[in-house]
Amino acid sequence: MSAFIPSELQQTWPRPSAPKPIVIIGAGGVVRDAHLPAYRKAEFPVAGVFDLNRETAEQRAKEFNLPRVFSTLAEAVGVSGAVFDVATPPKVHPVILEQLPEGAAVMIQKPMGDTLETARRIHEICRRRRLKAAVNFQLRFSPYMLAIRDFIRRGELGEIVDVEVHLNLETPWDLFPFLLQESRVEILVHTVHHLDLVRLFLGDPRRVYARTVKHPRFPKLASVRSSIILDYGDMVRCCLSVNHCHRYGAQHSAATVRIEGTEGCAVATLGLLLDYPKGREDKLEVIGRSVKGWTDVPLGGKWFPDGFIGTMSNLQRFAAGEDAALVSPVDDALQTMRLVEACYVSDQRGGIEMESLK
């Protein structure tokens, strides 16, 4: 058996051999911070951008030297042979998907709707219109998560027995004023990434126990902290501890995903979340069957923008017949939305009242 070389772990998704032009629908902050930097880095052609706020679209076009700002949605979806990148609020995804050309390839920004009902509607539209549709769960394609998947494929981890997501950090909620109007915040727009990631490694849990709460500093936001336990039977422990309101400096801040097996372990530090959106250094440490001591894996990229290169590469390769399957198709994303819904149902039902025990 050849020696294990950490730098040889897969960290990128293969690029499409002939990238198609991308039409971006929606020009908000995530397009500025991730989508367009990713496409520029990967040298993917962008045909143009559309936003209901034309001034915002024109600003993106100027910043990234885009060839065109579309005046209407009809004009945008009329670009022949394009791949569509829908980066709008989840409530309007169904309206846009109904207007795409039948059979088109489309990337839908996460989450897949604001409720399970909306997610099911999106799924039905994609099926009926035969859309080649993926949901932009880019954490799956981040360099450290691709590397962990490869580490597991090589048999280094053994059987997964413990998965823990630990976030204790300060998120700049003021960057997302639209969330003030939403009845669901933390799990739907943030922890959905981590729930989706857990599903990637463990599949669907048997049961869900969840509580999501507010914070006195953000009384108008529906929730900013969550505690979640996912039940995978009596041999696997899985929990997510999420606090977005730790404002006491870096010393005790944390943003880690730990995946532990019977023969090894991988711990990823998600630097992006520690100083969003600027980010700090990412890190991946592994120990395994043939790696007898903790070893740093040198990383060649970051979650933003490289994860977005991965999702678009997979979609374009699938549309061209170069990839056999989508990594995050709407069928699978619907299951993630079911898990999100289960968390909110668990939150509403609550736990055992102490007074009920005599």
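Student: How many residues in the lining of the largest pocket are nonpolar, polar and charged?
Tutor: The lining divides into 27 nonpolar, eleven polar and eight charged residues. Ala, Val, Leu, Ile, Met, Phe, Trp, Tyr, Cys and Pro count as nonpolar, Asp, Glu, Lys and Arg as charged, and the others, Gly among them, as polar. This is a predicted model: local features need pLDDT of at least 70, side-chain atom pairs need 80 or more, and totals for chains, interfaces and linings use all residues. Residues are numbered from 1 along each chain as its sequence is written, and side-chain values use heavy atoms, without hydrogens or water.

Student: What is the space in the largest pocket?
Tutor: Rolling a water-sized probe over the atoms shows where empty space is left. A pocket is an open set of points on a 1 Å grid over the protein atoms alone, where a 1.4 Å probe fits, with protein on both sides within 12 Å along at least five of seven lines; lining residues have an atom within 4 Å of a point. Here the space is about 1,300 Å³, counted as that filled by probe spheres set on points joined across faces, edges and corners. V30, Q109, K110, F176 and F178 are the closest to the centre, of 46 lining residues.

Student: Which residues of helix α2 are buried?
Tutor: An α-helix has 3.6 residues a turn, so residues three or four places apart point the same way. In α2 (residues 54-64; helices are DSSP runs of H or I, at least four residues, numbered from the N terminus), A57, R60, A61 and F64 are buried, meaning under 20% relative accessible area. They fall within an arc of 100° (directions from the helix axis to the C-beta atoms), so they line one face of the helix. E55 and K62, on the face turned away, are exposed, or over 50%.

Definitions and conventions
Buried < 20%, exposed > 50% of the residue type's maximum accessible area, 1.4 Å probe, protein only. Helix = DSSP H or I, 4+ residues; strand = E, 2+ residues; numbered from the N terminus.
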